[in-house]
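Please work through the exercises below with the sequence and the model at hand, trying each task before reading its solution.

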Amino acid sequence: MARLFTVVLLLGLLLAVASCSRDSREAQLKDYLLRLSRPLELQLPEFEKTTSAAPPRAASLLVELETGSLDGLDFLRLRGCALQTTIAKRNSSLGRVAPPSQRLLLELAFLRETPACIEKLSREEQHELAQLLLENYELKKTQLPQLIFNATLASPEFRDFWRSTEPLEHYPESTSSVPVAALENIAADAGRWLSGDYRAQEERFESALFQISQGDGGELLRALEQQGRYLLEADRITESRRSSGGLCGQGLEPKAAPIVRNVVTKYFAGGIQHWSAQLNTRYHALLPPIQTLEQLTLGVHPESYAAWVEQRDRALAEHLSAPLNHVRAMQGLLGSCYSEFAPA
């Protein structure tokens with residue numbers, strides 16, 4: 001019985017440690033908020049946790065595409081063209097149900113190979129078939145932004161990128177450059193494709209999508225939201241003191257002033273602000289290639305995706321500004337007592 005009790009106790013301790021570990025960032029923010037409220041003799045209000053909304057489901061984002069007139073084309077009529085193999089793949093049973101990433105790669109192959117085939121058919125005076133290919137070539141060029149959107153921003157891999165599944169204890173120190181490089185590669189490829197350079201490496205593209213699915217967009221959103229929420233609460237609990245003239249003025253320094261100054265210097269500037277700087281750096285690594293891709297496909301976004309992007313960017317701007325806003329709030333509170341801490 002004693003041994004069983006020991007085992008149960010150890011398991012309980014391990015679970016407690018794991019829980020503390022998972023919540024260590026939030027615990028740091030809570031501790032700062034509590035230490036700040038005590039010398040000000042202010043009651044900490046209850047506030048509800050909020051979470052960043054996930055993007056719409058991938059399946060709901062797919063943009064419908066006009067099929068064109070190649071579905072019934074007998075690929076044998078393209079004998080002698082490299083395009084023959086691509087058309088055969090497109091019209092096969094597997095090609096018709098290919099996922100958006102494979103569909104994009106097939107259409108890029110079509111765009112690469114069609115001009116040479118049109119030229120060959122024209123020399124052979126197969127003008128009707130050449131015209132059919134030309135019409136479909138022009139159609140696929142206009143559909144390229146939709147094809148890219150479906151294969152990237154609307155994909156399950158990008159939705160997984162925005163999901164938050166990992167604890168924030170070591171975030172973002174534990175992140176890598178792999179998803180950043182993958183995002184940059186896909187954004188660069190999309191820019192090339194839309195400029196008329198249709199070269200593509202299938203394995204590289206699919207690998208980049210997988211690496212993006214393992215990325216930390218969701219953790220970034222959650223960490224910034226968590227930081228912003230607590231710092232905004234810290235600003236709110238000091239509002240009454242700031243509005244009445246702050247702590248210091250006319251050469252006077254009340255008893256609470258050095259305590260508050262020490263709390264801000266030690267726990268905010270000496271701890272939270274360092275995390276803020278890391279989050280800011282990670283934001284500027286992850287978001288630019290995503291925003292580039294969104295700009296390249298801007299005209300084809302479904303309303304649900306556009307609404308989510310607007311909500312996401314508004315929340316990010318608010319949370320990213322929270323540390324600087326808090327510095328200004330503390331400057332206003334401490335007045336002439338202010339010193340030693342500055343924006344990240």
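**Exercise 1: a buried acid**

Glu 219 is buried (under 20% relative accessible area, with a 1.4 Å probe and protein chains only) and yet has no salt bridge, a term that requires a side-chain nitrogen of Lys or Arg within 4 Å of a carboxyl oxygen of Asp or Glu. The model is predicted, with local features needing pLDDT of at least 70 and side-chain atom pairs counting only at pLDDT 80 or more, while totals for chains, interfaces and linings use all residues. Residues are numbered from 1 along each chain as its sequence is written, and side-chain values use heavy atoms, leaving out hydrogens and water.

Task: find the surroundings of Glu 219.

Solution. Begin with helix α11 (residues 217-237), where Glu 219 lies. Next, look for the nearest side chain of opposite charge, which is Arg 222 at 4.7 Å. Then turn to the backbone nitrogen of Thr 165, which lies 2.7 Å from a polar atom of the Glu 219 side chain. Finally, leaving aside neighbours within four places in sequence, the residues in contact with Glu 219 include Arg 163, Ser 164 and Tyr 171, contact meaning heavy atoms within 4.5 Å.

**Exercise 2: backbone geometry**

Task: which residue does a cis peptide bond join to Tyr 171?

Solution. Following the chain from Tyr 171, the cis bond leads to Pro 172, with omega about 5°. Pro 172 is placed in the loop between α8 (156-161) and α9 (178-194). For comparison, most peptide bonds are trans.

Methods: Helix = DSSP H or I, 4+ residues; strand = E, 2+ residues; numbered from the N terminus. Buried < 20%, exposed > 50% of the residue type's maximum accessible area, 1.4 Å probe, protein only. Lys, Arg positive; Asp, Glu negative; His and termini not counted. Polar contact = N/O pair within 3.5 Å; in protein donor to acceptor, adjacent residues only side chain to side chain.
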